[in-house]
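Reader: I am new to reading protein structures, and I would like to understand how the words used for them are justified. Could we go through some of them together, one at a time?

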Amino acid sequence: MKRYELIAPCHFGLESILKREITDLGYDVVKVEDGRVTFIGDAEAVCRANIFLRTAERILIKAGSFHAETFEELFQGTKSIPWEEMIPSDGKFWVTKAASVKSKLFSPSDIQSIMKKAMVERMKEVHHMEWFPESGASFPIRVFLMKDEVTAALDTTGESLHKRGYRKLTAKAPIAENLAAALIMFTPWKRDRILVDPFCGSGTFPIEAAMMAANIAPGMNRNFTAQSWMHLIPAKEWYEAVDEAREEIVLDVHTDIQGYDIDEGMVSIARENARLAGVDKMIHFQKRDVRDLSHSKKYGFIITNPPYGERIEEKKNLPELYGMIGERFKALDSWSLYLITAYEQAENMMGIKAAKNRKIYNGMMKTYFYQFPGPKPPKRK
């Protein structure tokens with residue numbers, strides 16, 4: 001089976017977690033760059049990566065790369081790629097996104113337009129056709145320009161992998177599912193430990209944790225663009241990957257995962273999202289103010305995404321809110337706290353110093369993942 005260079009983009013700051021996931025799936029990572037990891041795999045790998053990876057944004061098949069400082073070089077470089085080996089004569093193809101960093105060519109719309117023209121010219125010459133119906137399967141193409149090096153790739157995923165399919169209803173500022181999964185993976189939490197999110201919103205942290213605990217693959221209940229690429233990826237590869245995912249599910253696992261929110265409406269939304277994800281029996285959602293955060297058990301985890309004042313009127317409440325988070329955490333004997341926020345005074349207001357502070361970009365927003373690990377529980381006899 002043909003092997004490809006596969007590119008998995010991710011949030012900036014999550015590359016190490018994604019690399020570990022890909023290696024655990026059994027594939028060789030060949031390059032780690034800011035915001036993406038490249039690995040080697042065949043058609044089966046395309047299916048398994050889309051279905052099993054929790055922290056990637058999408059899976060791309062690298063079509064080609066070249067140097068370009070002018071639009072003429074961009075045209076000729078694009079035209080030199082053997083697109084006909086991947087896209088049939090009736091395929092619908094377009095450059096869906098172009099990103100440029102430290103490159104002389106930086107206008108996304110111009111890059112997209114010129115590359116499309118170059119692809120059409122290549123396909124005309126190869127297929128001896130003057131007009132393409134584009135009535136067949138879709139082949140969206142994504143392009144990265146980094147220091148004048150152009151990388152063009154086919155997007156096998158379609159809608160971003162953070163869209164698992166369970167989150168039909170959301171909060172005002174929901175954390176992306178793949179980012180939530182990665183942040184949980186940055187902690188030492190395991191399914192036999194307590195996990196509480198006191199600002200659960202639409203339930204993303206508890207749901208992602210429960211899916212990990214039950215070994216539910218994040219992409220097993222959604223569709224992908226490459227499912228219609230029968231000439232590249234036989235349908236049986238998708239069926240086998242989904243069958244593999246189903247066989248690995250363990251629903252009878254005992255968990256203590258809890259989600260609280262001050263808004264009763266959000267608690268209802270979180271419960272419904274958990275039901276759609278198939279993990280509603282594993283999570284206890286409850287209307288509760290962070291002022292009432294307490295727990296009788298020891299060695300638990302708080303993993304949360306509290307408000308950070310995106311609206312001006314909310315900013316004035318942040319010192320009191322983060323002060324309360326710090327106060328309630330200090331009252332929890334032997335617990336660990338992991339908190340993502342864009343609020344730069346978080347540590348000061350909480351009155352505690354983080355053991356680690358990881359910078360992560362949530363889209364274009366710079367956020368900080370503060371880590372306050374507690375003591376390890378004693379080993380069981």
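Reader: Why is glutamate 134 called partly exposed?

Author: This is a predicted model, and in it glutamate 134 has a relative accessible area of 26%. Buried would require under 20% and exposed over 50%, so glutamate 134, at 26%, falls in between and is called partly exposed.

Reader: What makes the contact between glutamate 134 and lysine 116 a salt bridge?

Author: The N to O distance between the two side chains is 3.0 Å, and the cut-off asks for a lysine or arginine side-chain nitrogen within 4 Å of a carboxyl oxygen of Asp or Glu, so the pair qualifies. Glutamate 134 sits in the loop between helix 4 (108–127) and strand 6 (138–146), while lysine 116 belongs to helix 4, so the salt bridge ties together parts that are 18 residues apart in sequence. Lysine 116, with 23% relative accessibility, is also partly exposed.

Reader: How do you know that lysine 124 and glutamate 130 form a salt bridge?

Author: Their closest N and O atoms are 3.8 Å apart, and because the limit is 4 Å, this pair is accepted too. The two partners fall into separate classes of exposure: lysine 124, at 22% relative accessibility, is partly exposed, whereas glutamate 130, at 67%, is exposed.

Reader: Why is glutamate 159 called exposed, when its salt-bridge partner lysine 163 is called partly exposed?

Author: Exposed means over 50%, and glutamate 159 reaches 51%, so the word applies to it. Lysine 163 has a relative accessible area of 39%, which lies between the two cut-offs of 20% and 50%, so lysine 163 is partly exposed. The N to O distance in this salt bridge is 3.3 Å. Elsewhere, salt bridges that share partners join Arg58, Arg142 and Asp155 into one network, and a search of the whole structure finds 25 salt bridges.

Reader: Is glutamate 177 buried or exposed, and how do you know?

Author: Glutamate 177, which is placed in helix 5 (residues 177–185), has 3% relative accessibility, and because the cut-off for buried is under 20%, it counts as buried. Leaving aside residues up to four places away in sequence, glutamate 177 touches several others, including Lys163, Tyr166, Thr204 and Glu208.

Reader: What makes helix 6 mostly covered?

Author: In helix 6 (residues 204–213), 10 of its 10 residues are buried, among them Thr204, Phe205 and Glu208. The elements that cover these buried residues include helix 5, helix 8 (264–277) and strand 10 (283–287).

Conventions: Residues numbered from 1 in each chain as written. Predicted model: local features only at pLDDT ≥ 70, side-chain atom pairs only at ≥ 80, totals over all residues. Heavy atoms only, no water. Helix = DSSP H or I, 4+ residues; strand = E, 2+ residues; numbered from the N terminus. Buried < 20%, exposed > 50% of the residue type's maximum accessible area, 1.4 Å probe, protein only. Contact = heavy atoms within 4.5 Å.
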